[in-house]
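Colleague: Could you bring up the model and talk me through its insides?

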Amino acid sequence: MSRAAGLLAAAVAVLASAAPAWACPNEPARAPQASAPTEGAGPTLDPTEGIVGDVENDDFAYLADEQTDRYYTHGTHFNMILCSEPPRLGVAVGRWLRVLEPERADVETRWGWGFGQNIYTSERILDAEPRDRPYAGLAYGSAAVITISPRQLNTLELQAGLVGPSAQAWFSQDERHRMIPTDLARGWKYQINDEPGFALQWERRWITRQYDLKVITADRTDFMGAEVGTFRTGFSGGMLFRAGWGLDRDFGPQRSWPAPAYASLVQPEGLAEFYVFAGVDLRVVVRDITLDGNTFENSARIEKYYFVPEAQAGVALRVGPVRGQYAHVFRFPEFEGQNQEQQFGRFSITFVKPIY
């Protein structure tokens, strides 16, 4: 899937070069933080905008296998984070999110939009009839409001789109398999039916502890979230540890789908930054349309697990305004009959544009 990663990088570069010079609201730039260890301190963010693109695929985790497609097999997502005045509804949402900030007088607001596509298959894609997870495609667009303070970051995102054949997941997978080339999946005629839907999700991140290890810096970031909608309903929470250089430039790496990608905005100060990270996450799944099937009609479905742990480890490198990140994700079984955890890789690129 190196071709997919190359296309992602090219798309981010094109979008970045075409981005207009948005005017940021009158938000004061902040002074740099002291280098001494602090408790509960977050990054210093001057007015910036960014473009985030990521590809998640199980091919990244099973490079030696000829056939890896199974379960959540692929996701492609693009997000743009803006510093301009949001639409009227976004302004109202931003004011509501500011109430959640401990330092309301020192809060910056961003807003963003994005789109993406996810592909889900059974474990054995060469079987004519699926025996476990339903085939499903999901295509969506999103809009989000983000508030940033020295201590925490809040994101409220609305995703709206559809599942089913019209999401064109079958077409995307078939075309990639023809390019590789490899066998085509045989079970798409059993996929979940067309259905429009949505998911409203909120996530909070806060850096709870920072450690000065002389040569490098380390920190711990906690997060929690909730979502409700016909696509997904549930809760999540966890923590993430980092060690390296330049940790005071952001709130940590991007988490795997379905967590919002808008938290990956980074401050492009200095020539470069580098860190390694590892984290754990627990999702409480009340509803997942890709497992439970269609909302208002009978369709393919499977009995899901309500508690799904997840672990990830990876590395992030920023040079100038561009940051690349790779994470290896271990997701424990999501449904009855899934005999082992799923592994997949996530490669993402963030391009950040300072606004002066």
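Modeller: What follows covers the cavities, the strands around them and one helix. This is a predicted model, in which local features need pLDDT of at least 70 and side-chain atom pairs count only at pLDDT 80 or more, while totals for chains, interfaces and linings use all residues. Residues are numbered from 1 along each chain as its sequence is written, and side-chain values use heavy atoms, with hydrogens and water left out.

Colleague: How many cavities of 30 Å³ or more are there?

Modeller: The count is six, a cavity being a set of points on a 1 Å grid over the protein atoms alone where a 1.4 Å probe fits but cannot get out. The largest has a volume of about 220 Å³, taken as the space filled by probe spheres set on the points, which are joined across faces, edges and corners.

Colleague: And what lines the largest cavity?

Modeller: There are 25 lining residues, meaning those with an atom within 4 Å of a point, and Gln-201, Glu-227, Ser-236, Pro-258 and Arg-283 lie nearest the centre. The largest share, six residues, comes from β9, where a strand is a DSSP run (E) of at least two residues, numbered from the N terminus.

Colleague: Which strand does β9 pair with over 14 bridges?

Modeller: That is β8, in the antiparallel sense, pairing requiring at least two DSSP bridges; Gly-237 stands opposite Leu-282 in β9. A further 13 bridges join β9 to the antiparallel β10, where Val-308 is the bridge partner of Arg-283.

Colleague: Switching to α3, which residues are buried?

Modeller: Ala-169, Ser-172, Gln-173, Asp-174, Arg-176 and His-177, with buried meaning under 20% relative accessible area (1.4 Å probe, protein chains only).

How values were computed:
Buried means under 20% relative accessible area, exposed over 50%, partly exposed in between (1.4 Å probe, protein chains only). Helices (H or I, at least four residues) and strands (E, at least two) are DSSP runs, numbered from the N terminus. On a 1 Å grid over the protein atoms alone, a cavity is a set of points where a 1.4 Å probe fits but cannot get out, and a pocket is an open set with protein on both sides within 12 Å along at least five of seven lines; lining residues have an atom within 4 Å of a point.
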